[in-house]
Amino acid sequence: MTPWRVAADVVGRVPPETTQQAVGYPALFVLVALGALVPVIPTGALVSSAAVVAFHQQQSLPLGVLLVVAVGALAAFTGDVALYWLGSRGVRSRGGSRWLESLRGRAEPERLERARQKLDEHGVLVLVLSRLVPAGRIPVMLACLLGGLPLRRFARGDAPACLAWAATYGLIGILGGSLFSEPWKGVVLAVGLTLLISAAPGVWRRLRPGRVRP
């Protein structure tokens, strides 16, 4: 057997279910929670990829995918609440904080103003949409912080938002897993779809009619 064939077999092989549960779920939780704090980690792609692997664990369907969604939602909620708490400390202090400044730097003024308007009109329900719209989470979170929304109210609105977000990317993983018999192909498709979804708003803002170019 050639080395390339061996490598393909290793990549395409789904790990035993006990190994996935012992390593995969805790790792998924840590990475998604960390991704809520550090924007360089593509959390949606992580959930979709984990759902692909769980989909191919035939013994655990649909429990495996449901566990991926539950772990992803809990991790996203934990990261969001931690980031909101850190940002609220900056709002209360005179000098602010690096976390609050980081949130300000990641929210365009135009998107922040729209988030404030939506928050005034719809309250914490806008948190659900902010999690589903690419690049919508931070402006809405910052609007909540600057509007003085208590952490408890933010958490109540963010919990269903995180669940809807994890379920959406879990469905993308199911789609990728159902189209291919080899798990790695499903992972590639799921990651590609999540990255495309994430990049679409930025591309549209650059190409939309009437945009003033520098």
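How much area does the protein expose, and what share of it do carbon and sulfur atoms supply? I looked that up before anything else. The protein exposes about 12,000 Å², and 67% of that comes from carbon and sulfur atoms. Note to self: this is a predicted model.

**Entry: the overall fold**

I went through the secondary structure next. I found ten helices and zero strands. Written out along the sequence, the pattern is α-α-α-α-α-α-α-α-α-α, which makes for an easy line in my notebook.

Then I checked burial. The protein has 214 residues, and 39% of them are buried.

I also looked at contacts between residues with a separation of 6 or more. Of these, 74% join residues that sit 24 or more positions apart.

**Entry: H3 against H9**

I picked one helix pair to look at properly. H3 covers residues 43-55 and H9 covers residues 151-179. Their axes are 7 Å apart, and the packing angle is about 50°. Roughly parallel would need an angle under 35 degrees, and roughly perpendicular runs from 65 to 115, so H3 and H9 count as oblique to each other. I noted the handedness too: the crossing of H3 past H9 is right-handed.

Which residues of H3 meet H9? I wrote down Thr43, Gly44, Val47, Ser48, Ala51, Val52 and Phe55. On the H9 side, the residues they meet include Trp165, Tyr169, Ile172 and Ile174, along with glycines such as Gly170 and Gly173. Sorting the residues of this contact gave me nine nonpolar, eight polar and no charged.

**Entry: His56**

Moving on from H3, I came to His56, in the loop between H3 and H4 (63-92). Is His56 buried or exposed? Its relative accessibility is 16%, and buried means under 20%, so His56 counts as buried.

I also compared sequence and space for His56 and Ile174. They are 118 residues apart in sequence, yet 9.3 Å apart from C-alpha to C-alpha. Ile174 was already in my notes as one of the H9 residues that meet H3.

**Entry: Arg131**

My last stop was Arg131, which I found in H7 (residues 126-132). With 9% relative accessibility, Arg131 falls under the 20% cut-off, so I put this arginine down as buried.

What is Arg131 in contact with, leaving aside its neighbours within four places in sequence? My list reads Ala36, Ala76, Asp80, Arg137, Ala161, Cys162 and Trp165. I had met Trp165 before, in the H9 part of the contact with H3.

Note on methods: Residues are numbered from 1 along each chain as its sequence is written. This is a predicted model: local features need pLDDT of at least 70, side-chain atom pairs count only at pLDDT 80 or more; totals for chains, interfaces and linings use all residues. Side-chain values use heavy atoms; hydrogens and water are left out. Helices (H or I, at least four residues) and strands (E, at least two) are DSSP runs, numbered from the N terminus. Buried means under 20% relative accessible area, exposed over 50%, partly exposed in between (1.4 Å probe, protein chains only). Contact means heavy atoms within 4.5 Å. Accessible areas come from the Shrake-Rupley method with a 1.4 Å probe; for residues, only the protein chains shown count as cover. Axes are lines fitted to C-alpha atoms, for helices over the stretch in contact, and angles run from 0 to 180 degrees between N-to-C directions. Angles under 35 degrees count as roughly parallel, over 145 as roughly antiparallel, 65 to 115 as roughly perpendicular and the rest as oblique. A crossing is left-handed if the near helix is turned anticlockwise from the far one by less than a right angle, and right-handed if clockwise. Ala, Val, Leu, Ile, Met, Phe, Trp, Tyr, Cys and Pro count as nonpolar, Asp, Glu, Lys and Arg as charged, and the others, Gly among them, as polar.
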